[in-house]
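Here's a quick walk through one chain, with most of the attention on a single helix pair. Have a look at the model first, then read on.

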Amino acid sequence: MKKSTLEEIEQRFDADVERFSDLNTSQANTLDAVFNMELITDGIQKVYPNLKNILDIGCGAGNYAIKNLNEDQ
């Protein structure tokens, strides 16, 4: 098996970031992902109704943080 070059890895990463950063399409990649996102973000908003800031530690595209902060707008 041939090891990927740094350029190939960068291209794949850039394509994945573009694909997963769109809230309308990225969460549709698995059957229950839309339900999970709604369930989790609704729960966060109920526990923290005045939430204004979220620390995203970089484990994904930040969709939960984006959705939580956009719910107020």
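## Ground rules and overall layout

Contact, as used here, means heavy atoms within 4.5 Å. Keep in mind too that this is a predicted model.

So what does the chain contain in the way of helices and strands? There are 4 helices and 0 strands, and reading from the N terminus the order of elements is α-α-α-α. Of the 73 residues in the chain, 14% are buried. If you take contacts between residues at least 6 apart in sequence, 45% of them link residues at least 24 apart.

## How α3 meets α4

The pair to look at is helix α3, covering residues 33–47, and helix α4, covering residues 63–70. Their axes come within 10 Å and cross at roughly 55°. Angles of 65 to 115 degrees would count as roughly perpendicular and those under 35 as roughly parallel, and α3 and α4 are therefore oblique to each other. As for handedness, the crossing of α3 past α4 is right-handed.

Which residues make this contact? From α3 come N36, M37, E38, I40, T41, I44 and Q45, while α4 supplies N63, Y64, K67 and N68. Sorted by class, the contact between these two helices has 5 polar, 4 nonpolar and 2 charged residues.

## T41, on the α3 side

T41 sits in helix α3. Is T41 buried or exposed? The cut-off for buried is under 20% relative accessible area, so T41, at 1% relative accessibility, counts as buried.

Set aside the neighbours within four places in sequence, and T41 is in contact with Y64, K67 and N68. Those three also appear among the α4 residues of the helix contact. There's a local link as well: a polar atom of the T41 side chain lies 3.3 Å from the backbone oxygen of E38.

## N68, on the α4 side

Over in helix α4 you'll find N68. N68 is buried too, with a relative accessible area of 3%. Which residues does N68 touch, once neighbours within four places in sequence are left out? They are T41, I44, Q45, L51 and I54. Of these, T41, I44 and Q45 are listed on the α3 side of the helix contact.

## E38 and I66, both partly exposed

E38 belongs to helix α3 and has a relative accessible area of 33%, so E38 is partly exposed. The residue is one of those that α3 brings to the contact with α4. Measure C-alpha to C-alpha and E38 is 9.6 Å from N68, with their positions 30 residues apart in sequence.

I66 is placed in helix α4. With a relative accessible area of 34%, I66 is partly exposed. How far apart are the C-alpha atoms of I66 and I54? They're separated by 9.0 Å, for two residues that are 12 apart along the chain.

## Putting the pieces together

On the α3 side, T41 is buried at 1%, and on the α4 side N68 is buried at 3%. These two residues are in contact with each other. E38 ties in as well, through its backbone oxygen at 3.3 Å from a polar side-chain atom of T41.

Technical notes: Residues numbered from 1 in each chain as written. Predicted model: local features only at pLDDT ≥ 70, side-chain atom pairs only at ≥ 80, totals over all residues. Heavy atoms only, no water. Axes fitted to C-alpha atoms, helices over the stretch in contact; angles between N-to-C directions. Helix = DSSP H or I, 4+ residues; strand = E, 2+ residues; numbered from the N terminus. Parallel < 35°, antiparallel > 145°, perpendicular 65-115°, else oblique. Left-handed = near helix turned anticlockwise from the far one by under 90°. Nonpolar A, V, L, I, M, F, W, Y, C, P; charged D, E, K, R; others polar. Buried < 20%, exposed > 50% of the residue type's maximum accessible area, 1.4 Å probe, protein only. Polar contact = N/O pair within 3.5 Å; in protein donor to acceptor, adjacent residues only side chain to side chain.
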